[in-house]
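Here is a quick tour of the structure below. Have it open as you read, and follow along from the ligand sites to the core.

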Amino acid sequence: MIKCLLLTILVISPISICAKKDLMINECHNTQVPSICMQCLESDPTSVQANPVGIAGIILQCLDAHLHIIINNITDLSSKKDEGEVKTALEVCKKDLSMNVATNLSEAKRSLKTGDYDKVNHLIELALGFPLQCLFKLKLVKFMSPQLSSQINIYGQLSDAAMRIIDRF
Ligand SMILES: *[C@@H]1O[C@H](CO)[C@@H](O)[C@H](O)[C@H]1NC(C)=O
Ligand SMILES: *[C@@H]1O[C@H](CO)[C@@H](O)[C@H](O)[C@H]1NC(C)=O
């Protein structure tokens with residue numbers, strides 16, 4: 001804030017950039033996971049110009065990107081397993097994520113564009129159920145991958161951030 005004020009005294013143009021950066025910080029501050037939220041927004045150069053709906057859209061893109069990391073991780077883990085209950089569970093997870101979650105997230109993006117915000121949140125929540133179920137299924141067959149758990153955890157936190165931002169529309 002102080003930095004923004006100093007900059008505005010020196011030159012006029014950064015005013016709007018600083019105000020927008022404040023919007024990002026403010027939107028993320030209202031989530032439970034401000035640092036993951038900011039990390040996502042900072043990965044997209046258009047977020048400084050985005051309004052709150054645009055910010056929600058960028059978080060949806062981060063969810064998509066994360067989904068792909070998770071699917072790749074699962075593919076990688078599955079390729080190293082012999083046939084058996086662990087491989088089967090990993091393959092079920094992969095199918096759920098690449099079909100159900102991907103479908104629900106693209107529907108969420110469409111609903112964000114049409115302004116059906118309740119539907120967006122419903123879809124984000126629905127989509128999140130699949131990776132969480134996946135962790136549960138893997139636990140049942142006693143398969144542990146700290147890396148996969150941590151990626152799914154980040155996915156969950158991004159989902160939470162998106163839902164909280166959208167809740168305020
Ligand atoms: C999971 O994906 C991340 C990011 O792409 C990568 O760094 C990591 O090595 C992957 N882990 C597994 C087990 O595939
Ligand atoms: C979520 O995805 C599943 C699987 O593709 C689909 O059957 C379901 O209709 C989707 N839910 C909504 C609300 O679009």
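## Ligand 2 and its shell

A word on residue classes: Ala, Val, Leu, Ile, Met, Phe, Trp, Tyr, Cys and Pro count as nonpolar, Asp, Glu, Lys and Arg as charged, and the others, Gly among them, as polar. By that split, the shell around ligand 2 has three nonpolar residues, three polar and one charged. They are Met99, Asn100, Thr103, Asn104, Glu107, Leu123 and Leu126, where "around" means that the C-beta atom, placed from the backbone, lies within 6 Å of the molecule. Helix H5 (85-114) and helix H6 (117-140) each give two or more residues to this shell, and H5 has the largest share, five residues.

This is a predicted model, in which local features need pLDDT of at least 70, side-chain atom pairs count only at pLDDT 80 or more, and totals for chains, interfaces and linings use all residues. Residues are numbered from 1 along each chain as its sequence is written, while chains are lettered from A and ligands numbered from 1 in the order in which they are written.

## Ligand 1

Around ligand 1 you'll find Ile69, Asn72, Asn73, Asp76, Leu77 and Gln147. H4 gives the most here, with five residues. The shell splits into two nonpolar, three polar and one charged.

## The fold

The protein chain has seven helices and zero strands; these are DSSP runs numbered from the N terminus (helices H or I, at least four residues; strands E, at least two). Of contacts between residues at least 6 apart in sequence, 67% join residues at least 24 apart, a contact being two C-beta atoms, placed from the backbone, within 7 Å.

How do H5 and H6 sit against each other? Their axes come within 8 Å and cross at roughly 170 degrees, with axes fitted to C-alpha atoms over the stretch in contact and angles running from 0 to 180 degrees between N-to-C directions. H5 and H6 are therefore roughly antiparallel (over 145 degrees). Their contact involves 17 nonpolar, three polar and four charged residues.

## The core

Buried residues make up 28% of the 169 in the chain; buried means 20 or more other C-beta atoms within 10 Å of a residue's own, with C-beta atoms placed from the backbone. The largest nonpolar core (buried Ala, Val, Leu, Ile, Met, Phe, Trp, Tyr and Cys joined through C-beta atoms within 7 Å) has 40 residues, and Ile59, Leu63, Leu158 and Ala162 have the most contacts inside it. H4 gives the most to this core, with 10 residues.

Beyond its neighbours within four places in sequence, Leu158 is in contact with Ile36, Cys40, Ile59, Cys62, Leu63 and His66.

Methods. A residue is buried if 20 or more other C-beta atoms lie within 10 Å of its own, exposed if 12 or fewer, and partly exposed in between; C-beta atoms are placed from the backbone. Angles under 35 degrees count as roughly parallel, over 145 as roughly antiparallel, 65 to 115 as roughly perpendicular and the rest as oblique.
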